[in-house]
Amino acid sequence: MVGPYTITYFAVRGRCGALRIMLADQGQEWKEVVVDFPEWMKGTLKSTCVFGQLPKFQDGDLVLFQSNAILRHLGRKHDAYGKDGDEAALVDMMCDGVEDFRLKYVKMIYQEYDTGKDTYIKDLPNHLDKFEAVLAKNKTGFLVGNKSSFADYNLFDLLLNHLVLSSTCLDSFPSLKSFVEKMSARPKIKAFLDSEAYKKLPINGNGKQ
Ligand code: GTS
């Protein structure tokens with residue numbers, strides 16, 4: 001049965017990759033409303049979006065924009081936001097760290113792919129080592145505490161994108177490598193990553209990856 005959730009977004013993984021993986025792992029179903037760009041350019045839907053952008057996420061009557069706010073909402077609802085207030089604060093911190101990293105990736109993909117890709121890949125260890133250190137210190141296989149949080153799904157999605165960009169980028173980061181392996185092997189995540197619904201979507205809207 002399809003749950004109360006609806007995702008309205010372009011036909012890409014983009015900023016919905018993490019939340020789709022999270023919903024899949026939490027055993028939730030959701031409806032997709034796919035918006036094509038010519039339709040979007042007409043402006044009717046855009047004018048109804050709080051910040052003039054997608055994704056839009058509906059949970060029954062609740063309508064949300066901003067992908068990280070959506071992740072937080074799902075974290076609260078599905079017990080993936082740390083075990084107490086302190087852990088929740090750490091999960092927020094890690095998610096904000098992932099967002100900083102994602103913004104650099106998105107800038108390279110959309111604005112500097114041809115001129116900046118090689119430099120970006122060379123500089124990648126300086127971003128990856130921060131997450132490596134947190135995982136190595138926590139030792140549970142998760143960023144915070146001993147179960148998955150929305151920050152883990154967010155990091156996992158972004159690491160999958162980076163493995164497409166540079167298949168060897170995690171080779172000197174054992175904790176990150178094992179994190180990706182373990183997340184990929186979770187049965188519901190594996191089934192989702194193997195699905196046509198996931199595989200058919202490009203990572204980014206401009207076809208670069
Ligand atoms: N901070 C927002 C979020 O996290 O949801 C950014 C959303 C965003 O940048 N949306 C883009 C958009 O709607 C699409 S994508 O970058 O997520 O693929 N672009 C169309 C427009 O008219 O701005």
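The following exercises, each with a worked solution, concern a predicted model.

**Exercise 1. The sheet**

Determine the order of the strands in the open sheet and state which strands stand at its edges.

*Solution.* The open sheet has four strands in the order E2-E1-E3-E4, and its pairing is mixed. Strand E2 (30-34) and strand E4 (62-65) each have a single partner strand, so they stand at the edges, and one side of each is left without a neighbour in the sheet. From one strand to the next, the twist averages 20°.

Next, consider one pair of strands. Strand E1 (residues 5-9) pairs with strand E3 (residues 56-59) in the antiparallel sense, over four bridges. Within this pair, Thr8 has Lys56 of E3 as its bridge partner.

Helices are then added to the picture. H1 packs on the sheet, where it touches E1, E2 and E3, and its direction makes about 160° with that of E1. H3 lies across E1, E3 and E4 and runs at about 135° to E4.

**Exercise 2. Helix H4**

Check whether the span of helix H4 (residues 85-111) agrees with its number of residues, and describe its start and its surroundings.

*Solution.* At 1.5 Å a residue, the 27 residues of H4 should span 39 Å. The end C-alpha atoms of H4 are 38 Å apart, which agrees.

At the N-terminal end, H4 is capped by Asp84, with a side-chain oxygen 3.3 Å from the backbone nitrogen of Asp86.

The buried residues of H4 include Val91, Met94, Val98, Phe101, Tyr105 and Ile109, and also Glu87, Glu99 and Arg102. Among the elements that cover the buried residues of H4 are helix H1 (17-25), helix H5 (113-123) and helix H7 (150-165).

**Exercise 3. The nonpolar core**

Identify the residues with the most contacts inside the largest nonpolar core, and list what Leu176 touches.

*Solution.* The largest nonpolar core has 63 residues. Those with the most contacts inside this core are Leu19, Phe57, Leu128, Phe156 and Leu176. Leaving aside residues up to four places away in sequence, Leu176 touches Leu128, Phe131, Glu132, Leu135, Leu155, Leu159 and Leu170.

**Exercise 4. Backbone exceptions**

Locate the cis peptide bond and the positive phi values at Gln66 and Asp79.

*Solution.* Most residues other than glycine have a negative phi, and most peptide bonds are trans. Here a cis peptide bond joins Leu54 and Pro55, with omega about 15°. Pro55 is in the loop between helix H2 (37-41) and E3.

Gln66, in the loop between E4 and H3, has a positive phi near 80°. With 44% relative accessibility, Gln66 counts as partly exposed. Asp79, in the loop between H3 and H4, has a positive phi near 55°. Its relative accessibility is 51%, so Asp79 counts as exposed.

Technical notes
Residues are numbered from 1 along each chain as its sequence is written. This is a predicted model: local features need pLDDT of at least 70, side-chain atom pairs count only at pLDDT 80 or more; totals for chains, interfaces and linings use all residues. Side-chain values use heavy atoms; hydrogens and water are left out. Helices (H or I, at least four residues) and strands (E, at least two) are DSSP runs, numbered from the N terminus. The expected span of a helix is 1.5 Å times one less than its number of residues. Buried means under 20% relative accessible area, exposed over 50%, partly exposed in between (1.4 Å probe, protein chains only). Contact means heavy atoms within 4.5 Å. A polar contact is a pair of N or O atoms within 3.5 Å; within protein, one must be able to donate a hydrogen and the other to accept it, and residues adjacent in sequence count only if both atoms are side-chain atoms. A nonpolar core is a set of buried Ala, Val, Leu, Ile, Met, Phe, Trp, Tyr and Cys residues joined through side-chain atoms within 4.5 Å. Two strands pair if DSSP finds at least two bridges between them. Axes are lines fitted to C-alpha atoms, for helices over the stretch in contact, and angles run from 0 to 180 degrees between N-to-C directions.
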